[in-house]
Amino acid sequence: MIFRQLIDPESFTYTYLLGDEATRRAVLIDPVLEQIERDCALLGELGLRLHCSLETHVHADHITASGRLRERLGAKVGAGARAGVSNADWALADGVTVCVGNVQLEVLATPGHTAGCVTYLCREAGMAFTGDAMLVRGCGRTDFQDGDAGALFRSVRERIFALADATLLYPAHDYSGRTVTSVAEEKRFNPRLHLGKTREEFLAIMTGLRLPPPKRIAVAVPANQVSGLVASASGGCEAAARPVALAIEQRGRQDAELLRGAGI
Ligand code: FE
């Protein structure tokens with residue numbers, strides 16, 4: 001399998017490219033609008049045809065490129081069945097498998113950060129793409145988009161920690177340069193969710209975070225509910241690049257959140 005981990009340095013978002021060597025089909029997990037040219041160039045360089053873009057959830061901190069990638073490359077858009085992406089081609093229910101050539105991704109519903117979060121498991125390669133459900137030594141916040149700390153505790157303990165210990169976990173973000181972890185590592189070292197923590201302790205931690213809302217949430221969530229495509233004043237459809245640039249200018253960085261490693 002061809003595998004690349006890419007980063008959007010503005011939002012600290014990881015995008016994952018998985019490609020099948022035999023059929024040259026590829027999938028992008030959590031593509032970022034501002035990085036669409038980079039990602040299309042890489043696909044071309046590697047001789048890959050984008051089959052689909054998959055969202056781990058409706059993001060609050062950046063806008064997805066999935067809608068634009070569909071327009072440009074004909075790639076399908078997939079998101080969790082409960083994510084509320086109205087123009088997705090695939091509403092992916094728990095247990096469904098997405099096949100990209102010989103690459104198989106199983107969908108695990110892992111709600112809690114948002115109600116519609118999913119994890120994509122590539123069982124053969126021993127890799128799982130956890131979105132914000134599980135970060136390296138952290139987890140996504142649970143105080144908006146129908147977040148639910150109790151649900152997140154269940155998702156991590158009963159779904160993610162149920163995977164083989166050697167499974168590599170690839171998060172949607174990292175704010176300190178870490179790129180990957182494993183089930184065994186997080187069971188031991190995740191300060192919020194290691195096996196010694198009780199549900200009550202986890203709920204107390206999440207309730208006590210008291211984070212300011214993400215500055216981009218008002219722009220990003222509505223855009224991502226339509227795969228990053230927003231209606232322009234002229235009635236056409238255009239990517240939300242301009243409002244995003246404006247939002248970045250106005251918001252500054254979310255350093256308070258980044259320092260806490262809260263995940264967004
Ligand atoms: Fe998120």
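# Two open sheets and a shared nonpolar core

Leaving aside residues up to four places away in sequence, Asp 89 touches Lys 76, Val 77 and Gly 78. This is a predicted model, and Asp 89 is a convenient place to enter it. The residue sits in the loop between strand 5 and strand 6. Along the chain, Asp 89 and Lys 76 are 13 residues apart, while their C-alpha atoms are separated by 5.9 Å. Asp 89 is partly exposed because it has 15 C-beta neighbours inside 10 Å, a count that falls short of the 20 needed for a buried residue.

The two strands on either side of that loop pair with each other. Strand 5, residues 76–80, runs parallel to strand 6, and three bridges join them. One of the pairs is Ala 79 with Ala 91, the latter in strand 6.

Strands 5 and 6 belong to an open sheet of six strands in the order 1-2-3-4-5-6, with mixed pairing. Its edges are strand 1 (2–8) and strand 6 (90–92), each of which pairs on one side only. From one strand to the next, the twist averages 25°.

At the other end of this sheet, strand 1 and strand 2 run antiparallel and are joined by seven bridges. Arg 4 stands opposite Leu 17 of strand 2. The two strands form a hairpin with four residues between them. In its turn, Phe 12 has a positive phi of about 55°.

Strand 2 continues into a second hairpin, this one formed with strand 3 and having five residues between the strands. Strand 2 and strand 3 run antiparallel, joined by four bridges. Leu 17 has Leu 28 as its bridge partner in strand 3. Leu 17 thus appears in both pairings, opposite Arg 4 and paired with Leu 28.

Which residue in the turn between strand 2 and strand 3 has a positive phi? It is Arg 24, with a phi of about 65° although the residue is not a glycine. Arg 24 lies in the loop between strand 2 (13–19) and strand 3 (25–29). Arg 24 counts as partly exposed because 15 other C-beta atoms lie within 10 Å.

Strand 2 itself is mostly covered, with seven of its seven residues buried. Thr 13, Thr 15, Leu 17 and Gly 19 point one way from the strand, and Tyr 14, Tyr 16 and Leu 18 point the other way. Both sets are buried.

A further open sheet of six strands has the order 7-8-9-10-11-12, again with mixed pairing. Strand 7 (97–100) and strand 12 (181–182) are the edge strands, each pairing on one side only. Within this sheet, strand 8 (residues 103–109) and strand 9 (residues 118–122) pair in the antiparallel sense over four bridges. Val 107 stands opposite Tyr 120 of strand 9.

Past strand 10 (127–131), the loop that leads to helix 3 (149–160) holds Arg 137. Arg 137 has a phi near 65°, a positive value in a residue other than glycine. Arg 137 counts as partly exposed because it has 19 C-beta neighbours inside 10 Å, where 20 or more would make a residue buried.

Nonpolar side chains in soluble globular proteins tend to be buried together. In this model, the largest nonpolar core has 62 residues. Those with the most contacts inside the core are Leu 18, Ala 26, Val 27, Tyr 120 and Val 156. Helix 3 gives the most to this core, with six residues. Leu 18 is one of the residues described above in strand 2, and Tyr 120 is the residue opposite Val 107. Not counting residues up to four places away in sequence, Tyr 120 touches Ile 29, Leu 54, Leu 105, Val 107, Ala 128 and Phe 129.

Taken as a whole, the protein chain contains eight helices and 14 strands. Of its 264 residues, 48% are buried. Among contacts between residues at least 6 apart in sequence, 63% join residues at least 24 apart.

Technical notes:
Residues are numbered from 1 along each chain as its sequence is written. This is a predicted model: local features need pLDDT of at least 70, side-chain atom pairs count only at pLDDT 80 or more; totals for chains, interfaces and linings use all residues. Two strands pair if DSSP finds at least two bridges between them. Axes are lines fitted to C-alpha atoms, for helices over the stretch in contact, and angles run from 0 to 180 degrees between N-to-C directions. A residue is buried if 20 or more other C-beta atoms lie within 10 Å of its own, exposed if 12 or fewer, and partly exposed in between; C-beta atoms are placed from the backbone. Two residues are in contact if their C-beta atoms, placed from the backbone, lie within 7 Å. A nonpolar core is a set of buried Ala, Val, Leu, Ile, Met, Phe, Trp, Tyr and Cys residues joined through C-beta atoms within 7 Å.
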